Amino acid sequence: MMPAPPDSDPSAGWTPNQPIVRLVDVHKSFGTFEVLKGVSFDVRQGEVICIIGPSGSGKSTLIRCVNALVPVTAGSILVEGIEVTDPRLDKLALRRKVGMVFQQYNLFPHKTALQNVMMAPIHVLGQDRREVEARARALLAKVRLAGKEDAYPGELSGGQQQRVAIARSLAMRPDVMLFDEVTAALDPETVKEVLVTIRELAEEGMTCMLVTHEMNFARDVADHIYFTDRGVIVEHGPPATFFASAQDERTRRFLSQVL
Amino acid sequence: MSASDRTGLRADVRPESCPTDLPVLLPFALAEGHPPARLRPVHGWLLCGVAVVTFPAWAQGAAVAPSPLDVVIKWAPLLLTGFAFNVAISLMAMAIGTFAGIGLGLAMLAEGVVLRRIAWSITQVFRNVPWLVLLFFVMFLVPFQVTVFGLRVPLPDWVKATFGFSLPVMANVAEIVRGAVRSVPNTQWEAAESLAFTRRQTLWRIILPQCAKRMLPPWMNVYALIAMATVQASIVGVTEMLTLTAQVHAAEGGRPELFAPLYGFAMLCFFLYCYPIDRLTAVLERRFETR
């Protein structure tokens with residue numbers, strides 16, 4: 001991998017036939033507690049990967065390391081050739097390439113759905129307001145929220161808020177989308193509408209990394225599944241083989257509990 | 001009538017575990033039907049009216065002297081001019097203090113440790129010393145005039161008092177800003193961060209607009225306090241309502257029976273000014289709480 005010169009596009013040396021996200025021996029400790037104990041894997045462009053595992057196994061921490069919300073303790077993370085662990089990392093440049101959706105939606109409560117979607121492209125990317133508005137309306141329609149443009153987050157259901165959050169993230173035209181247990185806080189009947197949205201994204205070729213508890217969804221949508229436990233990847237594989245013939249005892253115990 | 005009725009204790013709150021009829025052994029609970037006392041502006045008028053009306057009765061001995069009510073009416077325009085100074089000092093101190101306080105509060109939230117520590121120290125100092133001491137400091141440390149680019153700018157006492165009062169306002173506003181920003185969930189910062197907003201953009205576009213409403217009631221509270229505190233300026237000789245009241249009292253020969261009507265008038269003015277602010281603060285507090 002070519003080291004990027006400091007004042008040019010940091011991903012200049014990256015080509016789409018290389019992994020879009022590459023984790024190499026990532027370690028993360030909170031105080032003396034080691035959450036990630038050496039995690040390595042690659043995500044190729046257009047690939048959808050799901051990270052599953054018991055609570056507290058470091059799934060969320062892992063996904064948050066990818067857009068530098070959580071600094072890693074050791075190891076290397078490359079996103080389109082940008083070294084995320086570089087202390088001189090341009091976090092803003094990284095985050096323009098990586099979108100993130102959270103468990104608790106985290107919409108801005110003082111802004112309408114449309115404003116939530118428009119804010120970042122206008123203020124962060126400095127794009128033209130009219131062009132952004134047209135795009136934002138199209139995105140809200142795409143997540144089936146046409147007509148809710150002027151609703152405030154407090155007036156929307158959890159599932160609707162989460163779809164606004166997805167639209168908000170997509171408005172930045174990211175290359176990779178991170179989904180951190182995005183259906184965990186939703187009512188069962190609204191889970192589906194969010195999953196349908198994510199599935200459409202995946203089918204359009206968006207690179208997606210999902211932390212999820214929805215095993216059936218993972219089986220349907222993922223190209224590759226990673227099972228984590230106590231800070232390491234215990235087992236991984238394409239869904240067909242992963243769910244049918246898990247080798248490790250821990251994986252089998254987990255799957256027998258959740259399926 | 002049972003014992004618990006007479007004492008205002010409710011029998012239904014008596015736990016099973018204390019089989020007693022002795023009221024002293026029962027857990028304390030307020031009887032229902034006694035709403036907390038609440039003042040309305042009309043009560044203020046009544047109180048002061050009673051004071052003004054009853055005190056002439058004391059003044060029977062001095063038959064030739066004008067009645068206390070006449071004295072108050074005669075001097076009211078002057079006293080109200082003094083009150084206008086109190087209002088002006090409080091408004092200006094509030095404006096300066098708010099401006100400086102927002103800056104200080106944001107400095108307390110800065111990323112740089114040094115700036116944060118300095119701002120924190122300043123806030124603590126000015127929040128935890130008596131306002132009167134701050135006032136003395138400013139009155140005696142600030143010169144009566146300053147020279148800016150060869151231009152002499154006089155600093156009258158009331159201007160210096162305004163600076164003196166703006167210091168505690170600044171510290172309290174800083175604390176309000178810091179507390180309000182801290183009250184916004186961390187997830188809002190995370191969401192903004194993941195959308196590549198800078199820290200400054202996050203603060204001004206996302207965090208502060210959310211907590212502006214939350215800051216309003218405590219900010220108005222600070223104003224009501226500072227408005228009442230402006231009478232302390234009389235101690236350092238600033239011409240304001242309390243100073244003028246004392247002077248009027250002296251001018252009327254210092255008759256003891258004038259004491260209550262004159263100072264009662266000052267009380268009335270402050271009460272009528274501050275009580276509505278207090279009520280409005282309470283209303284806003286309730287409204288923002290439910291949303």
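In chain B of this predicted model, helix H3 (residues 68–108) and helix H6 (residues 157–183) pack with their axes 5 Å apart, at an angle of about 40°. Helices here are DSSP runs of H or I with at least four residues, strands are runs of E with at least two, and both are numbered from the N terminus. Axes are lines fitted to C-alpha atoms, for helices over the stretch in contact, and angles run from 0 to 180 degrees between N-to-C directions. The angle makes H3(B) oblique to H6(B); under 35 degrees would count as roughly parallel, over 145 as roughly antiparallel, and 65 to 115 as roughly perpendicular, with the rest oblique. The residues of this contact comprise 20 nonpolar, seven polar and one charged. In this scheme Ala, Val, Leu, Ile, Met, Phe, Trp, Tyr, Cys and Pro are nonpolar, Asp, Glu, Lys and Arg are charged, and the others, Gly among them, are polar.

Turning to chain A, an open sheet of four strands follows the order S2-S1-S4-S5 with antiparallel pairing, where two strands pair if DSSP finds at least two bridges between them. Strands S2 (33–43) and S5 (82–83) of chain A each have a single partner strand, so one side of each is left without a neighbour in the sheet. Within this chain, S1 (residues 21–30) and S4 (residues 74–79) run antiparallel and are joined by five bridges, and A:Arg22 stands opposite A:Leu78 in S4(A).

A further open sheet of chain A has six strands in the order S6-S7-S8-S3-S9-S10, and its pairing is mixed. Its edges are S6 (98–101) and S10 (232–237) of chain A, each pairing on one side only. Five bridges link the parallel strands S7 (residues 176–180) and S8 (residues 207–211) of chain A, with A:Met177 opposite A:Cys208 in S8(A). Helix H5 (residues 158–170) of chain A lies across S6 and S7 of chain A and runs at about 170° to S6(A).

Between the chains, 17 residues of chain A are in contact with 15 residues of chain B, contact meaning C-beta atoms, placed from the backbone, within 7 Å. On the chain A side, helices H2 (91–97) and H3 (113–123) of chain A each give two or more residues.

As for confidence, chain A averages a pLDDT (the predictor's confidence in each residue, from 0 to 100) of 90, and 95% of the residues score at least 70.

Residues are numbered from 1 along each chain as its sequence is written, with chains lettered from A and ligands numbered from 1 in the order in which they are written. Because the model is predicted, local features need pLDDT of at least 70 and side-chain atom pairs count only at pLDDT 80 or more, while totals for chains, interfaces and linings use all residues.

Technical notes:
Contact = placed C-beta atoms within 7 Å.
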